Each structure stands twice: as C-alpha cells, then as structure tokens.
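I opened my notebook to look up a few things about pockets, strands and loops. Here are the entries, in the order that suited me.

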Amino acid sequence: MSAALSFLRHRAPVILGLPRGGVPVAYEIALALQAPLDILLVRKLGSPLSPEIGLGALAEGDPPRQVLNEEMVRRMRPSSLFLAQEIERQARELQRRRRLYCGNREREPLTGRTVVIVDDGIATGGSMLAALEAARAARPERLLLAVPVAPAETLEKLCSLADDAICLQVPDDFRAVSQFYGNFEQTGDDDVTNLLDKAARRGLPALTERNANMPTVSQIMDHDATVVGPHDNVARAAGIMRDWKIGVLPVCDGRRLVGMISDSDIRLGTAREGRSQEELRVAELMSEELAWCFEDESMGAVMRRFGGSMLERIAVLDRDMNLAGMLNIDRSMSDPRVPHDGSEIVRMNRLPSDQANGRF
C-alpha cells in the first residue's frame with residue numbers, strides 16, 4: 001500500500017486508520033510517507049432484534065455522522081425512540097474508544113488537508129461509507145480511500161464520495177477480506193493503542209520545515225514560454241497549441257498576464273461566434289479567470305493548492321505580477337494507478353523557442 005501512495009509523499013497527508021484492522025495498515029503507510037497517523041472511529045447501529053444486524057453506522061465527528069441503511073430500516077422498522085437511543089449509545093462508545101486508543105491527544109485536524117482513510121479491506125462498505133462522509137464534513141482539500149482489497153461493486157459505490165480510491169486487488173471471486181490474507185488474526189485494542197503511541201512519538205518534521213526543503217517553482221517551471229497577445233488572431237494561438245501539443249496558452253499585454261486561452265475555448269468559441277479562426281481575436285475568446293502561482297513559492301504549497309484539480313498548465317508570476325513562465329503539472333502525481341517514487345513533483349516538457357513576437 002505504501003508504494004501505491006508514494007505520490008502523496010510531498011503533500012503532507014493525514015493518514016486515518018479504521019480500528020481495529022485498518023490501523024496496522026495505516027501505520028505502515030504513515031511511516032513510509034512520514035505523515036501523521038490518527039484514527040476515524042465508526043460504530044455499527046444495531047437493530048431492535050440484534051446488535052449484529054446493522055441499521056447503519058455512526059462515525060465520530062463534530063457532530064457524529066450517521067449513515068442509515070434505508071433498506072434495513074424499512075425491514076426492521078425501529079421506533080424513532082429506539083433509533084435515537086442507539087445513536088446516543090454508540091456516540092458514547094465512540095468517545096470511550098477515542099480515550100482508550102488516544103488518551104488525551106488531540107484529533108489531527110483535517111480541514112484543508114489531504115486525507116487518506118485506510119482499512120484492511122472492504123466487504124459491504126458500510127463503515128467506510130460513514131467514515132468518508134464524516135471526513136468530507138471536515139472539509140479536507142482532498143479525500144482518498146486506500147485498501148488492499150475490495151469487491152468491484154462496493155468500490156464503485158464508495159468512489160463517488162472520495163476524490164481518489166486506491167485498491168490493490170479487485171477480485172471477481174470476492175467472498176471475504178480474510179481470504180486474501182495469509183494471517184488474519186484479530187487486531188486487539190492494545191495493538192491499536194501501541195501503534196498509535198509509536199506513531200505519535202515519531203519526530204515528524206513540521207509542515208513549514210518540509211515546505212522549506214521542497215524545490216521552488218522557479219527551479220521547475222518552463223522559463224521559455226511562448227505567449228499570445230489579446231489582439232492576435234485565434235488561428236495563431238491554435239497553431240501554437242497544435243504544434244506543441246499543449247492545451248492552453250497565456251495571453252499577455254507586454255509581460256502583464258491578462259488571460260488564458262485554451263483549445264476548448266477556441267473550439268467552442270468558434271462554433272458559437274460562427275466566424276473563422278482568422279477573423280476572431282484572442283481577446284474575444286480568452287478566459288480572465290486565472291490560475292497562477294508565484295515563482296518563489298514552494299512546490300509543496302503549489303501542489304497542495306492545485307494537485308487535486310484538473311489543471312495541466314499554470315501561469316507563474318513574479319512579485320511584480322508579470323508573467324515569468326509556465327508550470328506543467330504532472331497528472332501522474334494525482335493518479336494512483338501510475339507508479340511513482342515521489343521524488344518529482346512535475347514533469348517538464350520544455351518547448352523549443354519560436355521566433356514569434358509573443359516569446360520572451
């Protein structure tokens with residue numbers, strides 16, 4: 001699992017294990033990524049007939065997040081009083097287990113961060129569903145689930161709640177998580193507590209220290225970027241993008257960035273306006289909503305801001321707000337299916353200089 005998640009190494013993720021079985025897996029991931037480890041507790045909501053028959057699940061949060069299995073609720077028909085009492089009982093149990101496993105340690109904050117929820121495997125997905133909804137309510141920048149094994153139908157159901165899903169095996173003959181382990185001994189409360197204590201005692205570098213060790217944008221970006229002007233015709237912009245196999249170009253008035261034009265802007269705008277590319281001017285189709293970063297920013301900060309987006313090229317500005325170059329985001333850094341050792345942040349496709357007026 002650690003190798004599959006190595007693309008997150010420079011994004012300072014928070015690793016959350018689902019006790020109990022998910023904690024040993026999460027511990028190894030946190031160790032490999034030098035990331036903080038915490039837990040996300042989930043409790044089954046039992047039915048009036050038996051606590052083993054689940055009506056849904058309750059995940060810790062502020063407030064706790066409940067996810068009901070509507071089909072089971074219709075079948076069991078619990079009274080509203082029973083359901084309220086069961087939710088309250090399991091909420092108290094969540095608090096008890098948090099104290100048991102973590103003592104007085106504060107929960108790791110999730111807001112604005114990359115969060116990875118880990119379990120040892122998924123069967124029906126009820127616990128993971130509640131965990132994902134609870135984590136999403138904390139407003140992370142990016143939310144991923146990571147498991148060694150899961151059936152395809154369950155994984156598909158859960159993927160809509162996460163930004164990415166990393167699963168090493170999706171077998172056709174799935175019957176139980178245990179069939180894919182040589183040793184599936186139950187993880188005890190003491191095991192969970194010990195692993196969390198060991199993780200908490202590690203000397204993790206502070207986030208500011210990790211950012212300081214990252215390359216700056218100016219060390220990575222393409223300094224030799226070609227631009228177009230707002231009064232250039234669209235055919236010129238389309239030709240540059242076609243020749244260089246890129247999807248977006250900066251639009252500059254001198255060195256001042258005034259917009260961006262993409263191949264989709266050209267395609268849709270030409271159809272909408274009913275005029276040829278030679279007749280249309282870049283200013284008529286460009287977008288003034290810009291994604292940019294400063295050349296002296298850390299790549300860690302930039303990837304946390306843009307790594308989960310669909311952007312492929314970002315304008316780089318100097319502190320005078322002039323265009324300094326372009327940064328090509330490597331999409332494999334956001335794709336868990338692509339092996340990556342985490343040692344690079346972007347893949348540069350340095351483009352040859354042209355002799356057009358827009359080059360700088």
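Before the strand entries I note the rule I rely on: two strands count as paired if DSSP finds at least two bridges between them. I also keep in mind that the model is a predicted one.

**Entry: the E9–E10 hairpin**

I looked up how strand E9 (248–253) and strand E10 (256–262) run relative to each other. E9 and E10 pair in the antiparallel sense, over six bridges. I checked one partner: valine 248 has serine 262 in E10 as its bridge partner. Then I asked how enclosed E10 is. Five of the seven residues of E10 are buried, so this strand is largely enclosed by the rest of the structure.

Next came the turn. Glycine 254 sits in the loop between E9 and E10, and the hairpin has two residues between its strands. Glycine 254 takes a positive phi there, near 70°. Is glycine 254 buried or exposed? Glycine 254 counts as exposed, at 59% relative accessibility. I also followed a contact across the chain: the C-alpha atoms of glycine 254 and leucine 323 are separated by 9.3 Å, while the two residues are 69 apart along the chain.

**Entry: E7, H5 and E8**

Here I traced strand E7 (residues 142–149) and strand E8 (residues 164–169), which pair in the parallel sense over five bridges. Leucine 144 stands opposite aspartate 164 of E8. With helix H5 (residues 152–159) included, E7, H5 and E8 make a β-α-β unit, and I noted its hand as right-handed.

**Entry: cysteines**

How many disulfides does a search of the whole structure find? The search finds zero. I wanted to know why cysteine 167 has no partner, so I looked for the closest cysteine sulfur: that of cysteine 159 is 8.8 Å away, too far for a bond, given that a disulfide needs the sulfur atoms within 2.5 Å. Cysteine 167 is buried, with a relative accessible area of 18%. Cysteine 252 counts as buried too, at 6% relative accessibility.

**Entry: the largest pocket**

I turned to empty space. Rolling a probe the size of a water molecule over the atoms shows where such space is left. The largest pocket holds about 1500 Å³ of space. Its lining has 48 residues, and the closest to its centre are Pro19, Val42, Lys44, Asp119 and Ser127. I sorted the lining of the largest pocket into 22 nonpolar, 15 polar and 11 charged residues. Several elements each supply at least two residues of this lining, among them helix H1 (22–33), strand E3 (42–46), helix H3 (80–102) and helix H4 (126–137).

**Entry: the largest cavity**

What about closed space? I count one cavity of 30 Å³ or more. About 40 Å³ of space lies in the largest cavity. Its lining is made of Leu16, Asp38, Ile39, Leu40, Arg98, Arg107, Glu108 and Leu110. I split the lining of the largest cavity by type and got four nonpolar, no polar and four charged residues.

**Entry: the loop after H3**

Last, I looked up glycine 103, which is found in the loop between H3 and strand E6 (114–118). Glycine 103 is partly exposed, with a relative accessible area of 36%. Its C-alpha atom is separated by 9.5 Å from that of aspartate 197, and the two residues are 94 apart along the chain.

Terms used: Residues numbered from 1 in each chain as written. Predicted model: local features only at pLDDT ≥ 70, side-chain atom pairs only at ≥ 80, totals over all residues. Heavy atoms only, no water. 1 Å grid on protein atoms, 1.4 Å probe; cavity = no way out; pocket = protein on both sides within 12 Å on 5 of 7 lines; lining within 4 Å. Points joined across faces, edges and corners; volume = space filled by probe spheres on them. Nonpolar A, V, L, I, M, F, W, Y, C, P; charged D, E, K, R; others polar. Helix = DSSP H or I, 4+ residues; strand = E, 2+ residues; numbered from the N terminus. Right-handed = clockwise from strand over helix to strand, strands pointing away. Buried < 20%, exposed > 50% of the residue type's maximum accessible area, 1.4 Å probe, protein only.
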